[in-house]
Each structure stands twice: as C-alpha cells, then as structure tokens.
Amino acid sequence: MTASMPHVMNTYGRLPFALSHGQGCRVWDTDGKAYLDGLGGIAVNTVGHNHPRLVPALQEQIAKLIHCSNYYENPLQEQLATLLCELSGLSSAFFCSTGLEANEGAIKIARKYGHDKGIERPEIIVYEKAFHGRSIATLSATGNTKVQQGFGPLVEGFVRVPLNDIAAVREVAASNPNVVAVFLETIQGEGGINPSRWDYLRELRQLCDTQDWLLMLDEVQCGLGRTGKWFAHQWAGIVPDVMPLAKGLGSGVPVGAIVVGDKAKDVFGPGNHGTTFGGNPLAMRAGIETLQIMIDDGLLENAATVGGALRAALQSELGGLAGFKEIRGQGLMLGIELDRPCGVLLGRAAEAGLLLSVTADSVIRLVPPLIITMAEAQEIVAILVPLVKAFLAESAP
Ligand SMILES: Cc1ncc(COP(=O)(O)O)c(C=O)c1O
C-alpha cells in the first residue's frame with residue numbers, strides 16, 4: 001500500500017492493507033478480511049463503528065449545517081461546553097480540532113497567566129517520556145528526543161522532571177520563580193502507558209495551590225471515559241485548572257477542547273486565541289452525541305468492567321513468562337510491557353485479525369472502543385496471547 005501511494009507524504013510506517021468499513025468493534029479491509037479493533041483509531045472511536053445513534057445524528061447535522069464561522073453565536077458549542085463542565089467540575093471550554101491544538105492552547109494559557117502576574121519569561125514544568133503533539137511548541141514539551149530530532153531550535157520555557165517524583169518538582173519550585181504551571185498526561189500514552197500515581201497527583205494539586213501555578217492535565221488519550229471515570233484524574237479525587245481533550249471526544253470526527261476552571265477561565269479574552277474549524281456544528285454534534293451515548297449506554301462502567309477483566313485475563317496468561325514485564329493502565333487503556341522491542345507484533349496481530357499498536361518500542365497498547373463486549377475482550381486474549389508467547393520464545397532480548 002505504501003509503495004502505491006507516491007503522492008502521500010511518507011510520514012508513517014503503514015501496514016499493507018486499507019480499511020473499508022466497520023461495525024461495532026470490528027472493521028473490514030478492502031479485501032474483505034475482518035479485524036477485531038483493539039486500537040479504536042488510537043483511542044478515538046469511542047462508540048465503535050457505524051453506531052446506530054451517532055450515524056443518523058451526524059447525517060442530520062450534515063444536512064443542516066456542517067460549518068459556520070466563530071463570528072456567530074453557536075448553541076451547540078454552549079451545549080457541549082456545559083456537558084463537559086458538568087462532568088469535570090470545570091467552568092469553561094474552548095473548542096479546537098486536535099490534541100496538539102488543545103495542548104498548544106493550554107501552553108498559551110499558562111504563558112499568559114504568567115504574564116498577567118508580571119512574570120515576563122514564564123516556564124512550564126513538563127515530563128520525561130511525555131507526549132503532547134507534533135507542533136513546534138508541543139514537541140518541545142514532549143519528552144522524547146526521537147520526536148524532536150531535526151526540528152530544533154525547540155521552544156524554550158519548559159523545565160523537565162521525571163514522573164511520580166514530587167521531590168523533583170519541589171526542587172524546581174524552590175529554585176525557579178518563573179514557573180507558572182505543571183503540565184502532564186494523567187496517564188502517559190505514547191510514552192508507554194505510564195500512570196501518574198494518584199497520591200502524586202494529589203501532592204501536585206496541593207503544590208500548585210500553594211505556588212499559585214496552574215495544574216494542566218493532558219487527558220487527550222486517557223480522558224473521556226476510557227479509564228472507567230469521565231477523566232482519569234478523577235480516580236485521584238482532584239480537579240485540574242486546565243484540561244486539554246481530543247481523540248475520543250468526537251468518536252472519529254475531529255474535536256478538541258481546552259476545558260478550564262475558575263483560575264484559568266478569564267486568561268484569554270477576545271482576540272487572544274482562535275481557530276477556523278474549532279467548534280463547528282458538525283464537530284459539536286459529534287461531541288454531544290458521543291457523550292450522550294456514553295451516559296445512556298453506561299460506557300464508563302463497561303470500560304471499567306471489561307477493561308478489568310481483559311487485564312486480569314492477560315495477566316493470568318502472560319504473568320511469569322520469561323520476557324513479560326508488567327501490564328499497566330486503567331480500564332480500557334492498557335499497556336503490556338515486554339523486555340524487548342516488539343514492533344513486529346503489530347503486523348502479526350493484524351495478520352491474525354487483531355488491530356493494536358506498539359508504543360515506546362516494547363509496550364503492546366490496547367485502547368479499543370468503549371463499547372467492546374466481554375466476549376470481544378476474550379477474543380483479544382485468544383488472539384494475542386499465543387502471538388506474544390511465540391514471539392518471546394523465538395526472540396532474544
Ligand atoms: C496525550 C496526548 N496528547 C496529545 C496528543 C496529540 O494529539 P493529536 O494527534 O490529535 O494532535 C496525543 C496523540 O497521541 C496524545 O496521546
């Protein structure tokens with residue numbers, strides 16, 4: 001497929017097939033081969049494929065109005081913002097289209113928050129192994145030299161610390177008066193499914209309060225029900241000041257949001273930020289319908305129950321095998337870490353009829369649609385476990 005696409009820029013290592021259509025948690029390629037979707041377009045297809053409620057709602061919206069500019073009032077934006085604020089305990093939302101845009105906006109909010117306090121060169125604490133996107137500012141905040149390689153000079157104003165080490169953050173607090181915010185993924189996704197400890201998040205919340213910093217939690221991948229709560233940080237019982245969202249919010253229609261609390265809601269004023277597509281009626285309808293379906297169909301409970309069972313089954317099949325390290329994550333955001341690079345499993349799983357990804361070289365990632373059933377989770381185990389066992393038996397670390 002890659003060789004036959006000479007006009008598409010060569011930025012992805014692609015598998016040699018194209019998907020044609022889907023139904024529920026299953027997709028088919030153009031040759032008619034079926035795959036169980038353990039990836040959900042990388043944590044995007046929240047309600048699966050061809051959902052009987054989402055599709056007619058989007059069709060109706062397309063016939064009414066796809067796009068209008070942000071020059072006018074937009075009741076659908078108001079409706080989605082209200083829902084997101086009710087679910088998160090936050091107070092205001094800005095809409096964009098992608099995760100990097102939401103994060104770029106969050107970085108701008110942090111800088112302006114600093115400038116408004118008289119800090120001329122604001123700095124943001126960011127994390128080793130973090131991933132926040134591919135724009136110049138978000139790749140500068142990202143903690144992965146492979147992503148940054150070749151794109152210098154990077155954006156300044158970031159101080160990097162290791163995850164789950166509160167002493168490291170306290171050290172920065174003691175020595176750097178220019179810090180204005182702490183910015184992290186509640187559960188790191190691309191970095192290998194690395195959860196923040198809940199007690200660490202609570203300590204960060206306290207520190208941000210005493211330092212008058214913004215706590216900014218990137219929930220682009222781990223948010224929106226995937227962990228079994230609306231937002232992953234809710235497991236820690238805290239509320240952030242700024243929360244970028246995207247991926248699962250529109251079930252495949254590009255929708256991003258920066259949801260903020262009282263401390264950040266008045267930082268931007270007219271003229272400070274904007275985007276042409278952000279918040280258009282089609283995107284807003286996708287977001288509203290996605291959240292309503294999640295509520296009506298109990299998809300948070302499903303994520304917690306099926307995710308818990310999937311994890312337990314994988315642990316009991318793989319635990320103790322030479323080469324298996326551990327399973328990390330929460331709900332339907334799971335990473336299986338092996339002791340060696342295992343990118344080859346991506347193609348082998350696809351051949352066997354399962355879509356997944358490998359991240360951070362040696363972590364098999366499962367982020368399926370939140371509608372996945374217990375039987376489909378068992379099917380994932382039945383396909384994946386023999387592949388992992390065979391791979392570990394044949395390859396030396
Ligand atoms: C945590 C996190 N933030 C930001 C992004 C960037 O999102 P997008 O690809 O929509 O720009 C990603 C994408 O993988 C992500 O996982």
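Ala, Val, Leu, Ile, Met, Phe, Trp, Tyr, Cys and Pro count here as nonpolar, Asp, Glu, Lys and Arg as charged, and the others, Gly among them, as polar. With that in hand, welcome to this structure, which is a predicted model.

**The second largest pocket**

Let us begin with an open space in the protein. The second largest pocket has a volume of about 620 Å³. Its lining is made up of 23 residues, and Q77, S92, A93, F94 and F95 are the closest to the centre. Sorted by class, the residues of this lining come to 11 nonpolar, 10 polar and two charged. Which elements give two or more residues to the lining of the second largest pocket? They are α3 (75-88), β4 (92-96) and β12 (256-260). Of the elements, β4 gives the most, with four residues.

**Around the ligand**

Next comes the ligand, which has 13 residues around it. Those that come nearest are G99, L100, D218, Q221 and K247. The table sets out three pairs of atoms, each made of a polar side-chain atom and an atom of the ligand.

| Residue | Ligand atom | Distance |
|---|---|---|
| Q221 side chain | oxygen | 2.7 Å |
| D218 side chain | nitrogen | 2.8 Å |
| N103 side chain | nitrogen | 3.4 Å |

**A closed space**

Q221 turns up again in the lining of the largest cavity, together with A43, T46, V220, G223, L224, R226, G248 and L370. About 40 Å³ of space lies in this cavity. How many cavities of 30 Å³ or more does a search of the whole structure find? The search finds one. By class, the lining of the largest cavity has four nonpolar, four polar and one charged residues.

**Two open sheets**

Now for the strands. One open sheet has four strands in the order β13-β14-β17-β16, and their pairing is antiparallel. Why is one side of β13 and of β16 left without a neighbour in the sheet? Both β13 (324-330) and β16 (357-359) stand at the edges with a single partner strand each, so one side of each has no neighbour there. From one strand to the next, the twist in this sheet averages 25 degrees. Looking at one pair in detail, β16 is joined by three bridges to β17 (residues 363-366), and the two run antiparallel. Within that pair, S357 has R365 in β17 as its bridge partner.

Another open sheet, also of four strands, follows the order β1-β2-β3-β15, and here the pairing is mixed. Its edge strands are β1 (19-23) and β15 (354-355), each of which pairs on one side only. β15 pairs with β3 (residues 34-37) in the parallel sense over two bridges. For L36, the bridge partner in β15 is L354.

**Two spots in the backbone**

To finish, here are two places to look for along the chain. Most residues other than glycine have a negative phi, and most peptide bonds are trans. Is the peptide bond from G152 to P153 cis or trans? This bond is cis, with omega near 0 degrees. P153 is found in the loop between α6 (145-148) and β6 (158-161). The other spot is I193, which is not a glycine and yet has a positive phi of about 55 degrees. I193 sits in the loop between β8 (187-188) and β9 (194-195).

Methods:
Residues are numbered from 1 along each chain as its sequence is written. This is a predicted model: local features need pLDDT of at least 70, side-chain atom pairs count only at pLDDT 80 or more; totals for chains, interfaces and linings use all residues. Side-chain values use heavy atoms; hydrogens and water are left out. Two strands pair if DSSP finds at least two bridges between them. Axes are lines fitted to C-alpha atoms, for helices over the stretch in contact, and angles run from 0 to 180 degrees between N-to-C directions. On a 1 Å grid over the protein atoms alone, a cavity is a set of points where a 1.4 Å probe fits but cannot get out, and a pocket is an open set with protein on both sides within 12 Å along at least five of seven lines; lining residues have an atom within 4 Å of a point. Grid points are joined across faces, edges and corners, and a volume is the space filled by probe spheres set on the points. A residue is near a molecule or strand if one of its heavy atoms lies within 4 Å of it. A polar contact is a pair of N or O atoms within 3.5 Å; within protein, one must be able to donate a hydrogen and the other to accept it, and residues adjacent in sequence count only if both atoms are side-chain atoms.
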